[in-house]
Amino acid sequence: MSWLESVVHGDALTQTLACLLLALSVSCWVVIVWKWRLLRRVKTDVGRSVAAFWQAPDFEQATQQVAHFDRDGCVSPLLASTLLPLGGTLGAAGDRSSQLTRVLRDALNGVVLRLQWGQLLLATAGSVSPFIGLLGTVWGIFNALTGMAEAGQITIDKVAGPVGEALIMTAAGLAVAIPAVLAYNVMGRHVGRIEVQLEGFAHDLRALLTGQD
């Protein structure tokens, strides 16, 4: 039997592990394709948005120009956060520089968390998939050897086929884990670079609005 046939005709645990690996693989590739397109677009938009902001004659027009380029809302939240709360609240306490630092930090954290969406799935899949595949292999080998022992005769040719099919579960686990880990590392670097750009813009924006460095 082929590996697919062995899974279809396998027991409940084998089928569950195979379906779990398949679900993880599909989920990871959906996240990878989606995030790759998102991060490429955001990287371009952040650069254009920041350039458009500094080329505008005043803050109001700068906000409008940024909204035109900022398709995923990564720079606009920073600008919106500078509309400080009215007096009479703890949010309005302290000098203007401290208030801007706080609201810009909160807005930046919100944008970064949104960009990091899906990273947890990639990290989880990269960590657990090899062990899921290994569990499937161990269980498959156990079932194969148990069946041969019950048959009363064990030869190398009868062992090689079932064991080889069981080892494919380990390969399947690695096939899920390797792309997930690579994507997690690469996309993490992209998010980090975008975060640095936004941090620099937030610092410059605070300096512009307070007249301080």
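# Exercises on an all-helical predicted model

In this predicted model, the axes of helix H2 (residues 12–55) and helix H3 (residues 59–69) come within 8 Å and cross at roughly 160°.

**Exercise 1.** Classify the relative direction of H2 and H3 and describe the residues that make their contact.

*Solution.* Start with the angle: the axes cross at roughly 160°, and angles over 145 degrees count as roughly antiparallel, so H2 and H3 are roughly antiparallel to each other. The handedness of this crossing is right-handed. Next, list the participants: H2 contributes Asp45, Arg48, Ser49, Ala52 and Phe53, while H3 contributes Phe59, Ala62, Gln65, Val66 and Phe69. Sorted by class, these residues comprise 6 nonpolar, 2 polar and 2 charged.

**Exercise 2.** Determine whether Phe53 is buried or exposed, and identify the residues in contact with it beyond its neighbours within four places in sequence.

*Solution.* Phe53 lies in helix H2. Its relative accessible area is 4%, and because buried means under 20%, Phe53 is buried. Once the neighbours within four places in sequence are left aside, Phe53 is in contact with Phe59, Ala62, Val66, Leu79, Phe201, Leu205 and Leu208. One of these partners, Phe201, is 148 residues away in sequence, yet the C-alpha atoms of Phe53 and Phe201 are 9.9 Å apart in space.

**Exercise 3.** Carry out the corresponding analysis for Cys28, giving its accessibility and its contacts.

*Solution.* Cys28 also lies in helix H2, and it counts as buried because its relative accessibility is 3%. Leaving aside neighbours within four places in sequence, the residues in contact with Cys28 are Leu121, Leu122, Ala125 and Ala180. For the pair Cys28 and Leu121, a sequence separation of 93 residues goes with a C-alpha to C-alpha distance of 7.1 Å.

**Exercise 4.** Locate Asp11 in the chain and state its exposure and its contacts.

*Solution.* Asp11 is found in the loop between helix H1 (3–8) and H2. With a relative accessible area of 28%, Asp11 is partly exposed. Apart from its neighbours within four places in sequence, Asp11 is in contact with Trp139 and Asn143. In addition, the C-alpha atoms of Asp11 and Gly140 are separated by 9.5 Å, although the two residues are 129 residues apart along the chain.

**Exercise 5.** Check the length of helix H5 (residues 96–115) against the span expected at 1.5 Å a residue, and name its buried residues.

*Solution.* The 20 residues of H5 should span 28 Å at 1.5 Å a residue, and the end C-alpha atoms are 28 Å apart, which agrees. The buried residues of H5 are Ser97, Gln99, Leu100, Val103, Leu104, Ala107, Leu108, Val111, Val112 and Leu115. For reading such a list, recall that an α-helix has 3.6 residues a turn, so residues three or four places apart point the same way.

**Exercise 6.** Summarise the protein chain by its elements, its burial and the sequence range of its contacts.

*Solution.* The protein chain has 7 helices and 0 strands, and from the N terminus on its elements run α-α-α-α-α-α-α. Of its 213 residues, 35% count as buried. Among contacts in the protein chain with a separation of 6 or more, 75% are accounted for by residues 24 or more positions apart.

Terms used:
Residues numbered from 1 in each chain as written. Predicted model: local features only at pLDDT ≥ 70, side-chain atom pairs only at ≥ 80, totals over all residues. Heavy atoms only, no water. Axes fitted to C-alpha atoms, helices over the stretch in contact; angles between N-to-C directions. Helix = DSSP H or I, 4+ residues; strand = E, 2+ residues; numbered from the N terminus. Parallel < 35°, antiparallel > 145°, perpendicular 65-115°, else oblique. Left-handed = near helix turned anticlockwise from the far one by under 90°. Contact = heavy atoms within 4.5 Å. Nonpolar A, V, L, I, M, F, W, Y, C, P; charged D, E, K, R; others polar. Expected span 1.5 Å × (residues − 1). Buried < 20%, exposed > 50% of the residue type's maximum accessible area, 1.4 Å probe, protein only.
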